[in-house]
Amino acid sequence: MGLVTYVNGAFVPKDEAKISVYDHGYLYGDGVFEGIRAYDGRIFRLDAHLDRLYESAQYVMLEIPLTKKAFAEAILETVRRTGLKDAYIRPVVSRGVGDLGLDPRKCSTPTVVIIVDTIQLYPKEAYARGLRTVTATTRKIRPDALAPQAKTLNYLNNILARLEANRAGVDEALMLSSEGYVCECSADNIFLVRRNEVWTPPPHLGILKGITRDTVMELVRSLGIQMLEQVFTLHDVYTADECFLTGTGAEVGAVVEVDSRRIAEGIPGEVTQRLLRAFRELVAVQGTPIYTPATAERGR
Ligand code: PMP
């Protein structure tokens, strides 16, 4: 079985999955997307990802031509057809095919794509030694210009930050708000451990409200550690006991260096490692089963 992609209701082999160059997702980044993960035959927090997808679409006034339930079923069916048990799933809904003007009224039907593949965001050894980051000079887009809480196809701001990380030869870029407060990384949320408290920036600062972020906040509390949504600056990062980032692709990754400064001892911290273990345990047991007895029977 090869990789299968869903394109507007059809299941096609990866290499045959195509959309029009007139699609406004391609021409203008007019659309929304999600990044979801399956672990050992279960999709982690599928409903939360779908809620965010539909919320992002509502923000850009894009009506997804499927109910949430039908979308969930389309995702499950696409994964089943690939035969993967561990997968990275990328639903993308764009405004659809239009003309060369940006007016969405010219796009009659949204394009719905579901890509199923695998992902390795950072090299394995980067997790063992801890990730190295720099603060990007590129600031986050102000929430009143384009809400970073919406996961839209406009990722150029994050890509500019990522290019800065690449040029500095490090793993990730830390991004600040226009006022200079720490927001998130180019594709992950950020957390600090400071004197037995865990801090992460609040969503109103202009971040994506990560689903891994929510999960990790729950895990912190379940470990009996104080969890605070807190506005903070680079001062607090440089002087933190531990720093880590979270994301569907990244999971929980220790950050051991920011702007050529070591964070504490410069090795993955104890709380971070406990959280990574707790996260791995959770994803192994929680999630929407992909292969129910009925679908397994059908596959025979
Ligand atoms: N921030 C940004 C900018 C992201 O693109 C992502 C998703 N990769 C995250 C944070 C993490 O969100 P999640 O945990 O839902 O993957």
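These notes cover the salt bridges and nonpolar cores of a predicted model.

1. Salt bridges overall. The whole structure contains 20 salt bridges. The points below take up three pairs, starting with one between loops.

2. Lysine 85 and aspartate 40. These two side chains form a salt bridge, with 3.5 Å between the closest N and O atoms. The pair joins distant parts of the chain, 45 residues apart. Lysine 85 sits in the loop between helix 3 (68–82) and strand 6 (87–94). Aspartate 40 sits in the loop between strand 4 (36–39) and strand 5 (42–43). How accessible are the two partners? Lysine 85 is partly exposed, at 45% relative accessible area. Aspartate 40 is also partly exposed, at 48%.

3. Glutamate 73 and arginine 80. Here the closest N and O atoms of the salt bridge are 3.0 Å apart. The two ends are not equally accessible. Glutamate 73 has a relative accessible area of 39%, so it counts as partly exposed. Arginine 80 has 11%, under the 20% cut-off, and is therefore buried.

4. Glutamate 77 and arginine 81. This salt bridge spans 2.9 Å, N to O. Both residues belong to helix 3 and lie four residues apart, about one turn of the helix. Glutamate 77 is buried, with a relative accessible area of 10%. Arginine 81 is partly exposed, at 39%. In this pair the acid is the buried partner, while the base is partly exposed. In the pair of point 3, the base is buried and the acid partly exposed.

5. A charged network. The pairs of points 3 and 4 should be read together. Glu73, Glu77, Arg80 and Arg81 are linked in a network of salt bridges.

6. The largest nonpolar core. This core has 25 residues. Ile43, Phe71, Ile75 and Ile89 have the most contacts inside it. At least two residues come from each of strand 4, helix 2 (46–59), helix 3, strand 6 and strand 7 (111–117). Which element supplies the largest share? Helix 3 does, with six residues. Helix 3 also holds the salt-bridged pair glutamate 77 and arginine 81.

7. Around isoleucine 89. Leaving aside residues up to four places away in sequence, isoleucine 89 touches Glu34, Gly35, Ile36, Ala38, Ile43, Ile75, Val79, Ile114, Ile115 and Val116. Ile43 and Ile75, among these neighbours, are also listed with Ile89 as having the most contacts inside the core.

8. A second core. A separate nonpolar core has 20 residues. Leu176, Leu192, Val237 and Leu245 are among them.

Note on methods
Residues numbered from 1 in each chain as written. Predicted model: local features only at pLDDT ≥ 70, side-chain atom pairs only at ≥ 80, totals over all residues. Heavy atoms only, no water. Salt bridge = Lys/Arg side-chain N within 4 Å of Asp/Glu carboxyl O. Buried < 20%, exposed > 50% of the residue type's maximum accessible area, 1.4 Å probe, protein only. Core = buried A, V, L, I, M, F, W, Y, C linked by side-chain atoms within 4.5 Å. Contact = heavy atoms within 4.5 Å.
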